[in-house]
Amino acid sequence: MASSIVVASGKGGVGKTSLAVNLALTMARQGRRTILLDADFGMANAHILIGANPQRFVMDAIQGDAGMSEVLCDAPHGMKFISGGSGLLEMLNLDQTTRYQTIRMVDELRDQTEVLIADVPAGASDSSIAFVAAADRVIVVLVGEPTSFLDAYSLIKAASLEANVQNFAIVVNMARSVSEARQHFEKFKATATRFLDVNLTFAGHLPLSERMRRAVVARRPISMDQPDLPENQAFMQISKSVMTSPANDHGGIKFFSSPGGASASG
Ligand SMILES: Nc1ncnc2c1ncn2[C@@H]1O[C@H](COP(=O)(O)OP(=O)(O)OP(=O)(O)O)[C@@H](O)[C@H]1O
Ligand SMILES: [Mg+2]
């Protein structure tokens, strides 16, 4: 059954797109039928990291010019990709109806999907919260800075109070070691759970990596390189931790859930 993961963050520039792209490619390499949805509409750049030049965009499906399966682009390892890029400024502020329409339209892909990974805009905008609420699992990317903690807290607070999302998988990016990453996680968890009724799981960390930065410039994802690189080991570990972390089931509108029915995943 198809399951969905959203990659979110409070602060921008913490590595959401890098994680979403490489996690999706890692899952595809492991043999899962994986679709990456670039839902950072208006600022879409996942295609740049993948090195793809999409000809069709999610907007074509939203406007009714194409079906959802017609806007799928091919990506490495057999991954499929839906580009949010179209250069249309109106994509920056989708209204609520269009956001829900997008979530519903993903249903068309149910039979060809095991995992949908969506990259969403930074922050606690209505768009981010709608996509966060629509996913079975939510990854929140943190870096070890007070501003990142504060903004991640605001995002989690909004998602839990406005959309009843309770479970969050935390990935600490740009950490120098697993112990440093764990320390950041424990500190963040202590503060967040003091004030909010949420469940935070440590889903792993990514090293601060010059290779990751260079991969963006080269438009060649690091997950296309040797699986034994530390970064790729990290993506495999994160993939495993996230897929075994608790799923959200709050009864709201979700990816791959039939109208009025129960969620198809979990
Ligand atoms: N582990 C890492 N080590 C070094 N650089 C990294 C790492 N992760 C991401 N970066 C770099 O940080 C920058 C921001 O990454 P990315 O675009 O993935 O962040 P983002 O959260 O999607 O940003 P935005 O909020 O603008 O969408 C990029 O230049 C990327 O190469
Ligand atoms: Mg991004």
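**Exercises on a predicted model**

Strand β1 (residues 3-8) is mostly covered, with six of its six residues buried. Buried means under 20% relative accessible area, exposed over 50%, and partly exposed in between (1.4 Å probe, protein chains only). Helices (H or I, at least four residues) and strands (E, at least two) are DSSP runs, numbered from the N terminus.

This is a predicted model: local features need pLDDT of at least 70, side-chain atom pairs count only at pLDDT 80 or more, and totals for chains, interfaces and linings use all residues. Residues are numbered from 1 along each chain as its sequence is written, chains are lettered from A and ligands numbered from 1 in the order in which they are written, and side-chain values use heavy atoms, with hydrogens and water left out.

**Exercise 1. Place strand β1**

Task: Work out which residues of β1 point one way and which the other way, and find how β1 pairs with β5 and β6.

Solution:
- Step 1. Sort the side chains. S3, I5 and V7 point one way from β1. S4, V6 and A8 point the other way, and all are buried.
- Step 2. Take strand β5 (residues 115-119). β1 pairs with β5 in the parallel sense, over five bridges. Two strands pair if DSSP finds at least two bridges between them. V6 stands opposite A118 in β5.
- Step 3. Take strand β6 (residues 137-143). β1 pairs with β6 in the parallel sense, over four bridges. A8 stands opposite V140 in β6.

**Exercise 2. Describe the site of ligand 1**

Task: Find which residues are closest to ligand 1 and which elements give two or more residues to the shell around ligand 1.

Solution:
- Step 1. Count the shell. Ligand 1 is surrounded by 17 residues, and the closest are K16, T17, S18, N173 and P207. A residue is near a molecule if one of its heavy atoms lies within 4 Å of it.
- Step 2. List atom pairs. An N or O atom in the side chain of K16 is 2.8 Å from an oxygen atom of ligand 1. A backbone N or O atom of G15 lies 3.0 Å from an oxygen atom of ligand 1. In the side chain of N173, an N or O atom is 2.8 Å from a nitrogen atom of ligand 1.
- Step 3. Name the elements. α1 (16-29), β7 (167-175) and α8 (210-218) each give two or more residues to the shell around ligand 1.

**Exercise 3. Follow T17**

Task: Is T17 buried or exposed, and what does its side chain contact?

Solution:
- Step 1. Locate T17. T17 is found in helix α1.
- Step 2. Classify T17. T17 counts as buried because its relative accessibility is 13%.
- Step 3. Find the partner. The side chain of T17 makes a polar contact with the side chain of D119 (2.7 Å). A polar contact is a pair of N or O atoms within 3.5 Å; within protein, one must be able to donate a hydrogen and the other to accept it, and residues adjacent in sequence count only if both atoms are side-chain atoms.

**Exercise 4. Check two phi values**

Task: Where are N164 and R219 found?

Solution:
- Step 1. Recall the background. Most residues other than glycine have a negative phi.
- Step 2. Take N164. Phi of N164 is positive, near 65°. N164 is found in the loop between α6 (146-163) and β7.
- Step 3. Take R219. Phi of R219 is also positive, near 55°. R219 is found in the loop between α8 and α9 (230-243). R219 counts as partly exposed because its relative accessibility is 31%.
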